[in-house]
Amino acid sequence: MKKLMLLTSGIALCAGLAYANDDLVSQMADSKQWAIQTGDYKNQRYSELNQINAENVGDLQVAWTFSTGVLRGHEGSPLVVNDVMYVHTPFPNIVYALDLKNEGKIIWKYEPKQDPDVIPVMCCDTVNRGVAYAEGKIFLHQADTKIVALDAASGDVIWEAQNGDAAIGETNTATVLPVKDKIIVGISGGEFGVRGSVTAYNINTGEREWRAYSMGPDSDILVNPETTTHLGTPVGENSGTNTWEGDQWMIGGGTTWGWYSADMEENLVYYGTGNPSTWNPAQRPGDNRWSMTIMARDIDTGEAKWFYQMTPHDEWDYDGINEMILTEQEIDGEQRKLLTHFDRNGLGYTMDRVTGELLVAEKFDPVVNWTTGVDMDPASDTYGRPAVVAQYSTEQNGEDVNSTGICPAALGTKDQQPAAYSPKTEMFYVPTNHVCMDYEPFRVSYTAGQPYVGATLAMYPAPDSHGGMGNFIAWDNVAGEIKWSIPEKFSVWSGALATAGDVVFYGTLEGHLKAVHSETGEELYRFKTPSGIIGNVMTYESDGKQYVGILSGVGGWAGIGLAAGLTNPNDGLGAVGGYAALSDYTALGGQLTVFALPN
Amino acid sequence: MPLLATADEVDNLTAAYSEDGKYYTEDDVPTYSVDEDGTVDWPTYSGFRRYHSECHVCHGPEGEGSTYAPALKVSAIDMDYYDFVDVVTNGRKRVGAAENSVMPGFGENPNVMCYLDDIYVYLKARGADVVPRGRPGKKQPKNEIIREDENACLGT
């Protein structure tokens, strides 16, 4: 309908009637394209394509490959729009446009000039989770927080904007969200005392339109104290400062380096905020609002409609930045607009995304032990709060005390690697970590641009389990239950893809692309790519043929802890080599592998 | 292997004397002390903690290295002490077609600089394989002089 209006009404009326990226909306609706990192605005990572299906996926073959020319960790995925594939790399953040009609010939290559001094202020490798597309433009958000709009046809720069300052530890790893006439962008640097924010830029000019900080005065965090709610109750005045001691909120963390989803009917954008800094909870008394929070904000103004703080006063580095997956499902006999979120803290949350009501909060890994669960009684004083187990509380145990056996570890039961949702099965397919930790907080001092951590960590595979460091699970978000679980040797650090062909794809750190049945989890196919996979699986159709693509290139958080293998201190001192080192399985290297059925 | 050769040419590991709970080689370079029952000196234990706060997010657990940063348990033995201090203080860049490796300078970071010798001796103990992976079990107590020096350095 909007397209028709565009044709008849002419450009002059555009601003009021149609937004610049109606183009993106129609591209996302066309399953032949992979026009956005998250699959769609709902972050479902689901494709209607079914040429490759549970019956024939076992015949899958490598169709073609492409070396990115960059080592280090490759997160995110390529995009495909109208038979052109856009491939990005980690720092230096090269973008290639490949002609799918011409055997992947390089149409253009864009390589930004960035000061390499940004590299060491990126907390955990130089990853980048990919470019975005809208209205004939490719949007790259570089490591040094420069946002560049490129002409999708030529690679020419249309506009540039600088979002942050790498000299004080502000960096970027995330993709951007093009929605309506805006580009919504986040920021990294929680381990450098950065105060997190989300900023909207004009899609055509790069001008800044609004910025919402995660903590600070009401005018900074863009709330209306009377109408912005937390679990149905207005947040009141100064909610972004009154749970902090002194000026600690100014270096409060709550960065925004995850994924963004949007509901165009509600005019809301959804995302989560990261850990409060430092990692030493004794240095920041209070709930530290609004770190660790699911946020729903008005797309046009940035004003918050509702918040939900999952982990008040974080004591374990359980960033809340993981994706918010939007679905329409029946719950208690009623059709509702839901938001499902698998948090680093090990809880899977199901919420009403219109009102911010909490419906389900259950552990999506049975080993999670820092909490006994969330108070679900709206009449209770502690409604919505997780009950913290004293033994695993690094706050209660205190500074300079090593709290042991905490599950999950700081990297979470799940990190940013996005889950997928199939409307056919109404199940979520979730890549997870199965790792626990010892955590000892101690006092640190803040220096701009320097790490601001304040804890010593030791991580190891979940004790008394299958010995591996990951699981790939299917989750029922209404019942709050695991339907099936596939044990993995290493953390599953790859984003999943579900398809109408009843197949779910994911990658492993050893480098396998795996296909499993969406109903049972039965493995149907595996292929070992040249390097470990921390990228996300995507699919597209070209010339009547369905393809599945994945970036290999081990690194990221996983490459830090797992490269040398992890030890289990519970096995006693000196027990080394009980767990396999990732370096025994794979080595660095950025490569795209594209699969198809044989002709 | 240059690793052992370097260590053999000049004994950069064996403690020749101790002063206020800290240990030094004949050339006055800081080093570790590990008793027969595995008890480590306080600085080695302190180095374990500080390393896993400030260094491990790039250099991996226990100095083992990561997919993109070198194993410092090797560097601490391969490198001269004064070179080691220089790199930590001022940083180092190796940027080219195949490598994008940048070590930042920590010269203005008290959380690193006040514990630089601790981190160094911990890594040397790891490289010499006299301290296993994981948290050191037994340790000498933190004495008053070390405590005072620490407070003076941190300005607390």
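How many of the eleven residues of helix α8 (residues 144–154) of chain B are buried? The count is zero, so far as burial is defined by 20 or more other C-beta atoms within 10 Å of a residue's own, with C-beta atoms placed from the backbone.

1. Basis. This is a predicted model, in which local features need pLDDT of at least 70 and side-chain atom pairs count only at pLDDT 80 or more, while totals for chains, interfaces and linings use all residues. Residues are numbered from 1 along each chain as its sequence is written, and chains are lettered from A and ligands numbered from 1 in the order in which they are written.

2. Chain A overall. Chain A holds six helices and 40 strands (DSSP runs numbered from the N terminus: H or I of at least four residues for helices, E of at least two for strands). Its radius of gyration, taken over C-alpha atoms, is 22 Å, close to the 25 Å that the globule rule (2.2 Å times the number of residues to the power 0.38) gives for 599 residues, so chain A is as compact as a globular protein of that length. The C-alpha trace of chain A spans about 60 × 55 × 55 Å along its principal axes. Of the 599 residues in chain A, 61% are buried.

3. Contacts within chain A. Two residues are in contact if their C-beta atoms, placed from the backbone, lie within 7 Å. Among contacts in chain A between residues at least 6 apart in sequence, 61% join residues at least 24 apart.

4. Domains of chain A. An automatic or database domain assignment divides chain A into domain 1 (21–75 + 482–569 + 578–599) and domain 2 (85–203). The centres of these two domains, taken over C-alpha atoms, are separated by 22 Å. Each domain of chain A puts 22 residues into the contact. On the side of domain 1 that touches domain 2, α3 (22–29), β2 (61–67) and α6 (556–561) of chain A give two or more residues each. The largest share there, four residues, comes from α6(A).

5. A residue in domain 2. A:V157 lies in strand β10 (residues 157–162) of chain A. A:V157 has 13 other C-beta atoms within 10 Å and is partly exposed (between the 12 or fewer of an exposed residue and the 20 or more of a buried one). Leaving aside neighbours within four places in sequence, A:V157 is in contact with A:V148 and A:L150. The C-alpha atoms of A:V157 and A:Y110 are separated by 9.1 Å, and the two residues are 47 apart along the chain.

6. Chain A against chain B. The contact takes 40 residues from chain A and 29 residues from chain B. On the chain B side, α2 (42–54), β4 (92–95), β5 (100–103) and α6 (110–113) each supply at least two residues. With four residues, α2(B) gives the most to that side.

7. Helices of chain B. The axes of α2(B) and helix α7 (residues 116–127) of chain B come within 7 Å and cross at roughly 100° (axes are lines fitted to C-alpha atoms over the stretch in contact, and angles run from 0 to 180 degrees between N-to-C directions). The two helices are therefore roughly perpendicular (65 to 115 degrees) to each other. Among the residues that meet are B:P43, B:F48 and B:Y51 in α2(B), and B:I119, B:Y122 and B:L123 in α7(B). Just after α8(B), B:G155 takes a positive phi of about 70°.

Terms used
Parallel < 35°, antiparallel > 145°, perpendicular 65-115°, else oblique.
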